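Please open the model in your viewer and keep the selection panel at hand, since each stop on this tour begins with something to select.

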Amino acid sequence: MVMKAPDKFYLRTENQEGRCTVYVNGELDLESASQMRAAMATLVELTDRELVLNLRELRYIDSTGIGILVSVLKARHAKEAPFIVEAIPPNIRKLFDMTGITPFLTGTATS
Amino acid sequence: MNTKDEVVTIFVPAAAEYVDLARLALYGIACKMGFSYEEIEDMKVALSEACNNAVLHAYGDLPDGASVIAAAQEPRVEIRFIKQADALSIVVKDDGTSFDAAAAARRAESMHGKSITDIEAGGLGLYLMQALMDQVEVLSGEGTQVMMTKRLTKSGEWA
């Protein structure tokens with residue numbers, strides 16, 4: 001019997017009318033960062049639709065991953081294009097709260 | 001009772017794909033010591049941040065015009081778990097040359113109270129290490145050494 005470990009990290013993108021949802025699965029760390037960055041580089045340019053990151057299946061993140069979210073936030077802000085992060089698991093949310101990125105992701109930041 | 005510290009040391013190549021191996025080792029050790037799931041999650045992130053820095057700076061950020069001297073061996077990262085009766089200390093040590101981690105530690109900052117145009121990712125790793133562990137010390141010299149400690153608070157076991 002062959003035992004295969006689940007993929008450490010993968011993205012699944014779903015395009016609907018006016019909305020592009022990216023499902024982020026697994027561990028977003030230094031190893032998977034380049035894959036995430038490459039995918040995001042293309043998607044931030046799609047200013048005609050909402051960019052949504054769904055984190056329901058994200059098991060792990062550290063400052064490398066949070067740094068990518070900061071870059072996406074800033075790029076979308078500069079283009080005046082909507083960016084939403086949804087379904088944040090509690091352990092991930094704790095790190096977002098600690099670093100102070102939460103208000104920017106949930107649209108409650110003051111500026 | 002034997003109060004002598006027990007030490008587990010692992011060496012991994014200074015490469016991104018080995019950081020999760022450090023996390024796995026930590027998980028095993030911290031579980032056996034009786035840390036809670038949440039405490040282990042905190043330590044996993046803190047340890048990864050230290051390892052990330054070690055990997056990123058392993059080859060040195062050489063200034064322009066500096067001569068590159070081939071390393072005698074592949075850069076690697078040393079991770080030492082020091083099990084104490086009431087705490088776990090983790091030491092992450094690399095031989096990178098030019099990263100001033102002590103100066104970086106003083107710049108460690110979060111995004112609280114900033115505007116979207118002012119926020120940046122720099123300094124977050126060290127900020128998280130300090131926020132997630134009870135104590136963090138950064139020593140720069142020949143390479144960088146980070147020592148971080150999490151105290152064990154076993155609930156309901158006070159006799």
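The tour below goes through a sheet, the helices on it, a cavity and a chain contact, all in a predicted model.

**The sheet of chain B**

Begin by showing chain B as a cartoon and selecting its strands, where you will find an open sheet of five strands in the order 1-2-3-5-4, with antiparallel pairing. Strand 1 (6–13) and strand 4 (135–141) of chain B stand at the edges with a single partner strand each, so one side of each has no neighbour in the sheet. If you look along the sheet, neighbouring strands are turned by 15 degrees against each other on average, when direction is ignored.

Next, select strand 1 together with strand 2 of chain B, which run antiparallel and are joined by eight bridges; in this pair, B:E6 has B:K83 of strand 2 as its bridge partner. Moving on from strand 2 to strand 3 of chain B, you meet another antiparallel pair, joined by six bridges, and these two strands form a hairpin with three residues between them. To fix the register of that pair in view, pick B:F81, whose bridge partner in strand 3 is B:I90.

Then go to the other edge and select strand 4 and strand 5 (residues 143–151) of chain B, which pair in the antiparallel sense over seven bridges. Here B:G141 stands opposite B:G143 of strand 5.

**The helices on the sheet**

Add helix 1 (residues 19–33) of chain B, which packs on the sheet and touches strand 1, strand 2 (76–83) and strand 3 (87–94), its direction making about 5 degrees with that of strand 2. Helix 2 (residues 37–56) of chain B, to be selected after it, lies across strand 2, strand 3 and strand 5, and runs at about 175 degrees to strand 5.

**A cavity**

Which residues line the second largest cavity? Select B:V12, B:P13, B:A15, B:Y18, B:V19, B:C51, B:V55, B:V77 and B:I79 to see its lining, to which strand 1, helix 2 and strand 2 of chain B each give two or more residues. This cavity has a volume of about 30 Å³, and it belongs to a count of two cavities of 30 Å³ or more. Colouring the lining by residue class shows nine nonpolar residues, with no polar and no charged ones.

**The contact between the chains**

Finally, bring chain A into view and select the contact, which takes 31 residues from chain B and 26 residues from chain A. The two chains bury about 2,300 Å² between them, 63% of it on carbon and sulfur atoms. For a last selection within chain B, pick B:R23, B:M111 and B:I116, which lose the most area to chain A and together account for 26% of what that side buries.

Definitions and conventions. Residues numbered from 1 in each chain as written. Chains lettered and ligands numbered in written order. Predicted model: local features only at pLDDT ≥ 70, side-chain atom pairs only at ≥ 80, totals over all residues. Heavy atoms only, no water. Pairing = 2+ DSSP bridges. Helix = DSSP H or I, 4+ residues; strand = E, 2+ residues; numbered from the N terminus. Axes fitted to C-alpha atoms, helices over the stretch in contact; angles between N-to-C directions. Contact = heavy atoms within 4.5 Å. 1 Å grid on protein atoms, 1.4 Å probe; cavity = no way out; pocket = protein on both sides within 12 Å on 5 of 7 lines; lining within 4 Å. Points joined across faces, edges and corners; volume = space filled by probe spheres on them. Nonpolar A, V, L, I, M, F, W, Y, C, P; charged D, E, K, R; others polar. Buried area = accessible area lost by both parts, 1.4 Å probe.
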